[in-house]
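Visitor: Could you give me a close look at one part of this model, and then work outward from there?

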Amino acid sequence: MPEAPRLLTNLTAATLTGDAPYGLVSDGAIAIERGRVRWIGARADLPSELAKAERIDLGGRLVTPGLIDCHTHLVHGGDRAAEFEMRLNGASYEEVARAGGGIVSTVTATRQATQEALLAGALRRADALIAEGVTTLEIKSGYGLDLDTELRMLRVARAVEKGRPVRVKTSFLGAHAVPVEYRDRADAYIDEVCIPALRAAHAEGLVDAVDGFCEGIAFSPAQIARVFDVARALGLPVKLHAEQLSNLGGAALAAGYGALSADHVEYLDEAGVKAMAGAGTVAVLLPGAFYTLRETQEPPVRMLRDHGVPIAIATDANPGSSPLTSLLLAMNMGCTLFRLTPEEALRGVTVNAARALGLGDVGTIAPGQRAELAVWDVEAPAELSYRIGFNPLHSRIFGAIQ
């Protein structure tokens, strides 16, 4: 028999649709059928054909779309607590990286880790996000920097989705750093490792998007363009770590390829903003890295607003520059450090985060959308960004209602 619709009632819904703040629907109801939202609206407007549906009373709680963490590095070996200590003793992120630390130190630990060990660690970190209402997350490779380990990382990312009730989108990040065996030979690394690994990962069905790190300590715009040319030929969308430590024009480059997102963007200029606006590229702000690295150059939030660039927020969960596995805390940081409004923060982890992953079936509560929702013990949406170190999640809906 077809699945009968079930009705969530006695709730306030932040749909993130329409013109009202947060897209709020008071005294609302949400009908769910076959893992999709069938209807959403005020309880008084409930269609007659849903009048006899099984009802689940949510006690006046707030319902939002399930949260989306659109930039993470959840799969990795080891940790970098020692480098955290180095930075607190005065070393800059660039100095740590040039001394052989940073990304390269995690590469060593990741290469040495088995697939089983990588999965166990990734699941623990994913569990922390899921416990805060996350229903979709992105996971990057980039700590292998050789063909075998890059593929192993992406296989683990796919396994996270099989092992937990969460949707995972993968990004190939072979152009993350130059490994020690290719020091001062970045072009050779791109040709001999990165591009062949990308082709192999795509052939195995492991890649949803292609990413890169465009920075003085990583890869130049010209080198990134070569990777993106291959991505385009394979029919894969791109995104980019851009303008984190300096302005190399990476965001404009990414926008030229129709990038889903440009991430970090602290040093983004108006030319880059305009390019992103024209391409529909999302600006993904990563306050966890800004905080951890004690940066002072804030992303140009006002300029992004003025030019209509969508703003997303993510944890950037990684062992070095953002050991953060709380998307709620990232929302608070986005408001406190970057002066986002609580509504911008919520949009940044729902509708705009979905856009940053190229997803159109999540991020809002609307008919036809996947029934991936978060139910909160709060009275107003602003509480989700306001509290620090407190998780008000009541329950999470991932397709079927338990």
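**A buried pair and its surroundings**

Guide: Lys-140 and Asp-211 are both buried, meaning under 20% relative accessible area (over 50% is exposed, in between is partly exposed; 1.4 Å probe, protein chains only). Keep in mind that this is a predicted model, where local features need pLDDT of at least 70, side-chain atom pairs count only at pLDDT 80 or more, and totals for chains, interfaces and linings use all residues. Residues are numbered from 1 along each chain as its sequence is written, and side-chain values use heavy atoms, with hydrogens and water left out.

Back to the pair: Lys-140 and Asp-211 form a salt bridge, and their closest N and O atoms sit 2.7 Å apart. The rule asks for a side-chain nitrogen of Lys or Arg within 4 Å of a carboxyl oxygen of Asp or Glu. Lys-140 belongs to strand 6 and Asp-211 to strand 8, so this salt bridge ties together parts that are 71 residues apart in sequence. (Strands are DSSP runs of E, at least two residues; helices are runs of H or I, at least four; both are numbered from the N terminus.)

Just before strand 8 (209-214) comes a loop, and Glu-204 lies in it, with helix 6 (186-203) on the other side. Is Glu-204 buried or exposed? Neither, really: its relative accessibility is 38%, so Glu-204 counts as partly exposed. Leaving out residues up to four places away in sequence, Glu-204 touches Leu-151 and Arg-155 (contact is heavy atoms within 4.5 Å). With Arg-155 there's a polar contact, side chain to side chain, at 2.7 Å. That term covers N or O atoms within 3.5 Å, where one can donate a hydrogen and the other accept it; residues adjacent in sequence count only if both atoms are side-chain atoms. The C-alpha atoms of Glu-204 and Leu-154 are 9.9 Å apart, with their positions 50 residues apart along the chain.

That brings us to helix 5 (residues 147-163). Its buried residues include Leu-151, Leu-154 and Val-156, and also Glu-150, Arg-152 and Arg-158. What covers them? Strand 6 (134-140) and helix 6 are part of the cover, and so are helix 3 (103-112), helix 4 (115-130) and strand 7 (167-175). The 17 residues of helix 5 should span 24 Å at 1.5 Å a residue, and its end C-alpha atoms are indeed 24 Å apart; the expected span is 1.5 Å times one less than the number of residues.

Helix 6 has a tie of its own. Asp-187 forms a salt bridge with Arg-226, the closest N and O atoms being 2.6 Å apart. Asp-187 is in helix 6 and Arg-226 in helix 7 (residues 221-234), so the pair connects parts that are 39 residues apart in sequence. Here both ends are partly exposed: Asp-187 has 40% relative accessibility, and Arg-226 has 26%. Across the model, the salt bridge count comes to 20.

You may be wondering about cysteines. The whole structure has 0 disulfides (cysteine sulfur atoms within 2.5 Å). Cys-214 is in none, and the nearest cysteine sulfur, that of Cys-194, is 13 Å away. Cys-214 has 1% relative accessibility, so it counts as buried.
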